[in-house]
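Student: I would like to go through this model one question at a time. Please keep the answers short and end each on the value or name I ask for.

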Amino acid sequence: MDERPPGTGSLISELEGHLLIAATRAEARAEAVRFTRSLAWLTDTQREEVEARYEDNHLALARVSWERTARRSRELRAEYERRYRSLRGRLCAGCLLGTALALAAFAVTAWSGR
């Protein structure tokens, strides 16, 4: 196994992930409480159960949304990388062609001057 400590970037990313989950969990709890407030006929036990299920559903939906966003991000990254490689190849080919034409023009000029 690699015994090197994790990089700063990966630690920051992990911390951001934990903070995002904590914020989403707090948001889910607040939404659950708002939702059950309108259901005055629930007992305290029922209210706690509904809030817990609501929170779980909210977190599950958030996870699906994040996974969809991450998948699309990977697709776009791959697409942009392919496009970049294509454009870079065309630019290099254009530069080589331009250099070859300039050298040919120089050679023709040099030979005709003799």
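**Fold and overall shape**

Tutor: The secondary structure of the protein comes to two helices and zero strands, where helices (H or I, at least four residues) and strands (E, at least two) are DSSP runs, numbered from the N terminus. This is a predicted model, in which local features need pLDDT of at least 70 and side-chain atom pairs count only at pLDDT 80 or more, while totals for chains, interfaces and linings use all residues. Residues are numbered from 1 along each chain as its sequence is written, and side-chain values use heavy atoms, with hydrogens and water left out.

Student: Is the protein a compact globule or more spread out than that?
Tutor: The radius of gyration is taken over C-alpha atoms, and the globule rule is 2.2 Å times the number of residues to the power 0.38. For 114 residues that rule gives 13 Å, and the radius of gyration of the protein, 30 Å, is well over it. The C-alpha atoms fill a box of roughly 105 × 40 × 20 Å along the principal axes. The protein is therefore more spread out than a compact globule.

Student: What percentage of the 114 residues count as buried?
Tutor: Buried means under 20% relative accessible area, exposed over 50%, and partly exposed in between (1.4 Å probe, protein chains only). Of the 114 residues, the share that counts as buried is 9%.

Student: What share of the accessible surface belongs to carbon and sulfur atoms?
Tutor: Accessible areas come from the Shrake-Rupley method with a 1.4 Å probe; for residues, only the protein chains shown count as cover. The accessible surface of the protein comes to about 9900 Å², and the share belonging to carbon and sulfur atoms is 61%.

**Salt bridges**

Student: How many salt bridges does the structure hold?
Tutor: A salt bridge is a side-chain nitrogen of Lys or Arg within 4 Å of a carboxyl oxygen of Asp or Glu. By that rule, the number of salt bridges in the structure is six.

Student: Which residues are linked with Glu55 in a network of salt bridges?
Tutor: The side chains of Arg25 and Glu55 meet in a salt bridge at 3.5 Å, N to O. Arg25 lies in helix H1 and Glu55 in helix H2 (residues 44-112), so this pair ties together parts that are 30 residues apart in sequence. Glu55 also forms a salt bridge with Arg29, with the closest N and O atoms 3.6 Å apart. The residues linked with Glu55 in the network are Arg25 and Arg29.

Student: Is Glu55 buried or exposed?
Tutor: Its partner Arg25 is partly exposed, with a relative accessible area of 32%, and Arg29 is partly exposed at 44%. Glu55 has a relative accessible area of 13%, so Glu55 is buried.

Student: Which residue forms a salt bridge with Glu81?
Tutor: The closest N and O atoms of this pair are 3.0 Å apart. Both residues lie in helix H2, four residues apart, about one turn of the helix. Glu81 is partly exposed, with a relative accessible area of 35%, whereas its partner is exposed at 57%. That partner is Arg77.

**Positions along the helices**

Student: How far apart in space are Glu31 and Glu55?
Tutor: Glu31 lies in helix H1 (residues 8-37) and counts as partly exposed at 27% relative accessibility. Glu31 and Glu55 are 24 residues apart in sequence, and their C-alpha to C-alpha distance is 7.9 Å.

Student: What distance separates the C-alpha atoms of Ala32 and His58?
Tutor: Ala32 is found in helix H1 and counts as buried, at 1% relative accessibility. Ala32 and His58 are 26 residues apart along the chain, and their C-alpha atoms are separated by 8.9 Å.

Student: What distance separates the C-alpha atoms of Phe106 and Leu87?
Tutor: Phe106 lies in helix H2 and counts as exposed, at 60% relative accessibility. Phe106 and Leu87 are 19 residues apart along the chain, with their C-alpha atoms separated by 28 Å.

**Cysteines**

Student: How many disulfides does the count come to?
Tutor: A disulfide is a pair of cysteine sulfur atoms within 2.5 Å. By this rule the count comes to zero.

Student: Which cysteine sulfur is nearest to that of Cys92?
Tutor: Cys92 is in no disulfide, and the nearest cysteine sulfur is 6.5 Å away. Cys92 counts as partly exposed, at 43% relative accessibility. The nearest cysteine sulfur is that of Cys95.
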